[in-house]
Amino acid sequence: MSINFQFKNLTPLQHCLYVFLLLIMSCPTRIFSQKKYHKEYYNNGQIKEEGWLFNTHKTAYWKFYYQNGNIKKEGHFKNNLATKYWYFYRRNSSKEKEGHFKKGTQYNWWLFYDNKGYVNHKCQLQNNQKNGYCLIYRENKLVKASKFKQGKKIKEWTDFSSFKNENSLNDLR
């Protein structure tokens, strides 16, 4: 069976319809993809999470909540992976930690808070583990510094002068 298709035999309306169908079939699926705002709830009616979905992937800004309604964490997604700066909270709404994500993994400086809201340590992270320096604080005063490599402590200093003698302060950027 042979199909001999000729444009000259089409009416103007059929010609337009044919061109339209060719365009539709050749368009990438992204044209038909949707970005929509999503909300999910716990059985008790409290909101569990809310944010933007692109098709089925989390994208843009999201918030997650505890069952008591308090915020649990908030930050950005790209292609269903955490990205940019995130904040994490305890059940009582006090800040627990905050820091950077890149393609779903923790990296760069992270701040960790005590129950009173003070920063109790700052750490450089890479691939979800300590890699670089951690600065330990008590009531907003620096009391100790440690250096980590791939999650393992390799050095510790308890006074600023010895730390400064052995390290470049540029490494703390």
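## Salt bridges

Let's start with Glu40: in this predicted model, Glu40 is partly exposed, and its relative accessible area comes to 31%. Its side chain meets that of Lys48 in a salt bridge, at 3.9 Å from N to O. Lys48 is partly exposed as well, at 31% relative accessibility. The count for the model comes to five salt bridges.

Glu156 is another residue to look up. A salt bridge links Glu156 with Lys144, and the closest N and O atoms there are 3.7 Å apart. Glu156 sits in strand 11 (residues 152–157) and Lys144 in strand 10 (residues 141–149), so this pair ties together parts that are 12 residues apart in sequence. Glu156 also forms a salt bridge with Lys153, where the closest N and O atoms are 2.7 Å apart. Through shared partners, Lys144, Lys153 and Glu156 end up in one network. As for exposure, Glu156 has 35% relative accessibility and counts as partly exposed. Lys144 is partly exposed with a relative accessible area of 27%, and Lys153 falls in that class at 46%.

## Overall layout

Stepping back, the protein has two helices and 11 strands. Reading from the N terminus, the order is α-β-β-β-β-β-β-β-β-β-β-β-α.

Of its 173 residues, 28% count as buried. The exposed area is about 12400 Å², with carbon and sulfur atoms supplying 51% of it. Take the contacts between residues at least 6 apart in sequence: 9% of them join residues at least 24 apart.

## The nonpolar cores

Which residues touch the most other members of the largest nonpolar core? They are Trp86, Phe101 and Trp110, in a core of 14 residues. The elements giving two or more residues to this core are strand 3 (57–65), strand 5 (81–89), strand 7 (105–113) and strand 8 (119–126). Strand 5 gives the most, with three residues. A second core lies apart from this one; it has 10 residues, including Trp109, Val119, Leu135 and Phe163. As a general backdrop, nonpolar side chains in soluble globular proteins tend to be buried together.

Trp110 is worth a click in the viewer. Setting aside neighbours within four places in sequence, Trp110 is in contact with Phe88, with Lys97, Glu98, Gly99, His100 and Phe101, and with His121, Lys122, Cys123 and Leu125. Cys123 turns up again in the strand pairing, as the bridge partner of Trp110 in strand 8.

## Strands 7, 8 and 9

Strand 7 and strand 8 run antiparallel to each other, paired over six bridges. Their hairpin has five residues between the strands, and Gly117 there takes a positive phi near 95°. Asp114 is also found in the loop between strand 7 and strand 8. Beyond its neighbours within four places in sequence, Asp114 is in contact with Arg90, Lys95 and Asn120. What about Asp114 and Lys97: how many residues apart are they in sequence, and how far apart in space? They are 17 residues apart along the chain, with a C-alpha to C-alpha distance of 9.1 Å.

Next along, strand 8 pairs with strand 9 (residues 129–138), again in the antiparallel sense, over five bridges. Gln126 has Gln129 as its bridge partner in strand 9. This hairpin has two residues between the strands, and Asn127 takes a positive phi near 50°.

## A nonpolar patch outside

Not every nonpolar side chain is tucked away. Leu142, Phe160 and Leu169 form a nonpolar patch on the surface, and together they have about 270 Å² of accessible area.

Where in the structure is Phe160? Phe160 lies in helix 2 (residues 160–166). Is Phe160 buried or partly exposed? Phe160 counts as partly exposed, because its relative accessible area of 46% falls between the 20% limit for buried and the 50% limit for exposed.

Key. Residues numbered from 1 in each chain as written. Predicted model: local features only at pLDDT ≥ 70, side-chain atom pairs only at ≥ 80, totals over all residues. Heavy atoms only, no water. Core = buried A, V, L, I, M, F, W, Y, C linked by side-chain atoms within 4.5 Å. Buried < 20%, exposed > 50% of the residue type's maximum accessible area, 1.4 Å probe, protein only. Helix = DSSP H or I, 4+ residues; strand = E, 2+ residues; numbered from the N terminus. Contact = heavy atoms within 4.5 Å. Patch = residues over 30% accessible without salt bridge, like charges linked within 9 Å, V, L, I, M, F, W, Y side chains within 5 Å. Areas by Shrake-Rupley, 256 points an atom, 1.4 Å probe, with all protein chains shown as cover. Salt bridge = Lys/Arg side-chain N within 4 Å of Asp/Glu carboxyl O. Pairing = 2+ DSSP bridges.
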